[in-house]
Amino acid sequence: MAAALIGLAAVSCSSAEKMAELADNVKVTCNPEVLEVVAGNIDATLTVTYPDGYFNPKAILEVTPVLVYEGGEAAMAPFKYQGEKVKDNYKVVSSDGGTVTEKVHFTYVPGMEKAYLELRGVASIKNKSVNLPVKKVADGCNTTYMLVKRTGFVSYKADSYQEVIPQTAEGQILYTINSSDVRGSQIKGASVKDFQKALDEIKANERKTLKGTEVVAYASPDGPEASNNKLSDRRAASAQKAWGKVVKGHEASDPEVKSVGEDWEGFKSLVSESNIADKDLILRVLSMYSDPAVRESEIKNMSEVYKELKGGILPELRRARFIANVEYQNYTKDELMKLIEENIDVLDEEALLRAASLVSTDKKVDIYKKAISKYDSDRAKFNLAVAYFNLGKDADAASAAAKCAKDADLENLLGVLALRKDDIKTAAKHFAASGNEDSVKNMGVVDILNGNYAKAASELANVSGCCHNTVLAYILNGQIDKAAASAKCGDAPVQYLRAIIAARQGKTADVKKYLAKTNDKFKARAAKDVEFAGIDL
């Protein structure tokens, strides 16, 4: 019986007409079964199996893949096959049967989202040609990746505005060498008087709050360290006693008393600010040695220099400081909002940048321009470009960006501007050059557009809140559970993604529920979207 069937097949395909009649015996599979657009391309693999006895040894078969879609069709160059007795250069298919594998490729054009792939064959033997029945092999095309949002992540440069500014007011008294006695002239000196005036100003200024006071005593770093530490302790005690006279009639809290010992930090600071000829050498000694005794010995070896230190530097380190720690209340949000309307000129650069962060995007433009004209603010120059970008004024944003110093933030902005113009290659270069947090997320958009879905899902995984592109990346990467968990916000684009998730999970009722929450644009798309094939919408 089997032999009879084989013989029948051989006889049946003795002509091109018979090849057409038995074309249904040819098995064709397509991977994927539902075509998908990836980075603007539609690619698939066809596997065609010809049964034993089908292919006439003298036949030439042309098979043309055609993608049929609303508004047109796209045809590839035909694949050509020949029987064993044909003397040509096409791929040979034996009359005993065989399997061939071919790659098909189409470039997406609008309308292909509702399409199907078919094969059109022509069998020829000598001068006789016969059209084979058209064979549909795949539906298409999935364009879900085109739902990506290209708005991009671009952040303003932060201000350094301090709502509460820590301040200090201080005065000091000086001691004679090896003494801890407080001299009356020091209590009545200019430094103490300035400190007293500062205490009064703190009390009178409603923006200032006294948070605490300190008495800090020191010894100059000449002589034995142990002796100097004890001397510093005695000076702390005598300065604490003098505190009462210093603050009498002025409002001040009880001080925290500290004894530092040898004042090497003060020594370094005074030397740095001095005109001593060999100050660089002295500072080098301080950096090379940490042992106080070694430091002192090395410096004393510079005899001429040491004379200058004894006369001009060391006496200033035999001291006790009186310190008031203050918090200054800067302009509040309401005050800033009022000042930008009534008296913007009183605001410094940081206050202008903070004020800009409090207003609508269109109002930011004028404030950033003010910061640029008054302070030549680099951050305001960049933020002006971002404000234009957020207003959709890409040409103005590009013009403003051209005046900015190149850094990671600017590279990211230039990348998003390129992305908006569909210049994916340039956008990717800018994002790679940036490397900041926003650019990593923006690179996720590039990777979606380029079909690198796993990479995109990784790059977009840590976006805070509900991110449309994060949900989309998970869908495209087959991580449906993560996509569902990330789809939290209720806007129409995400509701559409939730419908796709439900369709892939086989939850038909949920598909309809989520689509009902979208808008007319998405409902029209759904009617043609292969994601919902077989679902009665």
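Two exercises with worked solutions follow, one on a sheet and one on a pocket.

The model is predicted, so local features need pLDDT of at least 70 and side-chain atom pairs pLDDT 80 or more, while totals for chains, interfaces and linings use all residues. Residues are numbered from 1 along each chain as its sequence is written, and side-chain values use heavy atoms, without hydrogens and water.

**Exercise 1.** Work out which strands stand at the edges of the open sheet of four strands.

Solution.
Step 1. Strands (E, at least two residues) and helices (H or I, at least four) are DSSP runs, numbered from the N terminus. Two strands pair if DSSP finds at least two bridges between them.
Step 2. The order is S12-S15-S13-S14, with mixed pairing.
Step 3. S12 (164-174) and S14 (256-262) each have a single partner strand, so one side of each is left without a neighbour in the sheet. These two strands stand at the edges.
Step 4. Inside the order, S13 (residues 208-219) and S15 (residues 319-329) run antiparallel and are joined by nine bridges. Leu210 has Val326 in S15 as its bridge partner.

**Exercise 2.** Describe the lining of the largest pocket by class and by element.

Solution.
Step 1. A pocket is an open set of points on a 1 Å grid over the protein atoms alone, where a 1.4 Å probe fits, with protein on both sides within 12 Å along at least five of seven lines; lining residues have an atom within 4 Å of a point.
Step 2. The lining has 14 residues, and Lys114, Lys528, Asp529, Val530 and Ala533 lie nearest the centre.
Step 3. Eight are nonpolar (Ala, Val, Leu, Ile, Met, Phe, Trp, Tyr, Cys, Pro), five charged (Asp, Glu, Lys, Arg) and one polar (the others, Gly among them).
Step 4. Strand S11 (135-142) and helix H23 (520-528) each supply at least two lining residues. H23 gives the most, with three.
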